Amino acid sequence: MNKPVFRVGVTRDFLGPDGTSDLDDIAGPLFDQAGLHWEYIAENTPVLQATQVQDYDALLVLGAGITAQTFTDADRLAIIARFGVGY
């Protein structure tokens, strides 16, 4: 029997202009566990749209905005982690 996969979407603003990210080195080993899959969200948008997050169980967000509309049809979404400091 296959275990369900817990999907994590990471906002593309973690990527630098050359397409690389320190996140790969930091989070990669933590995320590379059985039953856990992470990927960068396909589009870099200033505000996350419902269509971008509907297939994820968790989000790791750097600077993208989140509104009430983001959660429309996001039935799987259980966790949103905002990466950063300050307020």
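Student: Where does Ser21 lie?
Tutor: This is a predicted model. Two elements flank Ser21: strand S1 on one side and helix H1, residues 23-31, on the other. Ser21 therefore belongs to neither element. Its place is the loop between S1 and H1.

Student: Is Ser21 buried or exposed?
Tutor: The relative accessible area of Ser21 is 10%. The cut-off for buried is under 20%. Ser21 is therefore buried.

Student: Which side chain makes a polar contact with the side chain of Ser21?
Tutor: The side chain of Ser21 also reaches a backbone atom, the oxygen of Phe14, at 3.1 Å. That one is backbone, so set it aside. The side-chain partner sits at 3.4 Å, inside the limit of 3.5 Å. It is Tyr40.

Student: Which residues does Ser21 touch, not counting those up to four places away in sequence?
Tutor: Phe14 offers its backbone oxygen to the Ser21 side chain. Tyr40 meets Ser21 through a side-chain polar contact. With the remaining neighbour added, the list reads Phe14, Leu15 and Tyr40.

Student: How many salt bridges are there?
Tutor: One joins the side chains of Arg7 and Glu39, at 2.6 Å from N to O. Another joins Asp57 and Arg76, with the closest N and O atoms 2.7 Å apart. Both distances fall within the 4 Å limit. The count is two.

Student: How many residues apart in sequence are the parts that Arg7 and Glu39 tie together?
Tutor: Arg7 lies in strand S1, residues 6-10. Glu39 lies in strand S2, residues 36-40. The salt bridge therefore ties together parts whose separation in sequence, in residues, is 32.

Student: Which partner is buried in the salt bridge of Asp57 with Arg76?
Tutor: Asp57 lies in the loop between H2 and S3, and Arg76 in the loop between S3 and S4. Arg76 has 35% relative accessibility, so this residue counts as partly exposed. The other partner has 11%. The buried one is Asp57.

Student: Which are the edge strands of the open sheet?
Tutor: Four strands form the sheet, and the pairing is parallel. The order is S2-S1-S3-S4. An edge strand pairs on one side only. The edge strands are S2 and S4.

Student: Which residue in S3 stands opposite Val10?
Tutor: S1 and S3 pair in the parallel sense over three bridges. Val10 falls within S1, which spans residues 6-10. Its opposite in S3 is Leu60.

Key
Residues are numbered from 1 along each chain as its sequence is written. This is a predicted model: local features need pLDDT of at least 70, side-chain atom pairs count only at pLDDT 80 or more; totals for chains, interfaces and linings use all residues. Side-chain values use heavy atoms; hydrogens and water are left out. Buried means under 20% relative accessible area, exposed over 50%, partly exposed in between (1.4 Å probe, protein chains only). A polar contact is a pair of N or O atoms within 3.5 Å; within protein, one must be able to donate a hydrogen and the other to accept it, and residues adjacent in sequence count only if both atoms are side-chain atoms. Contact means heavy atoms within 4.5 Å. Two strands pair if DSSP finds at least two bridges between them.
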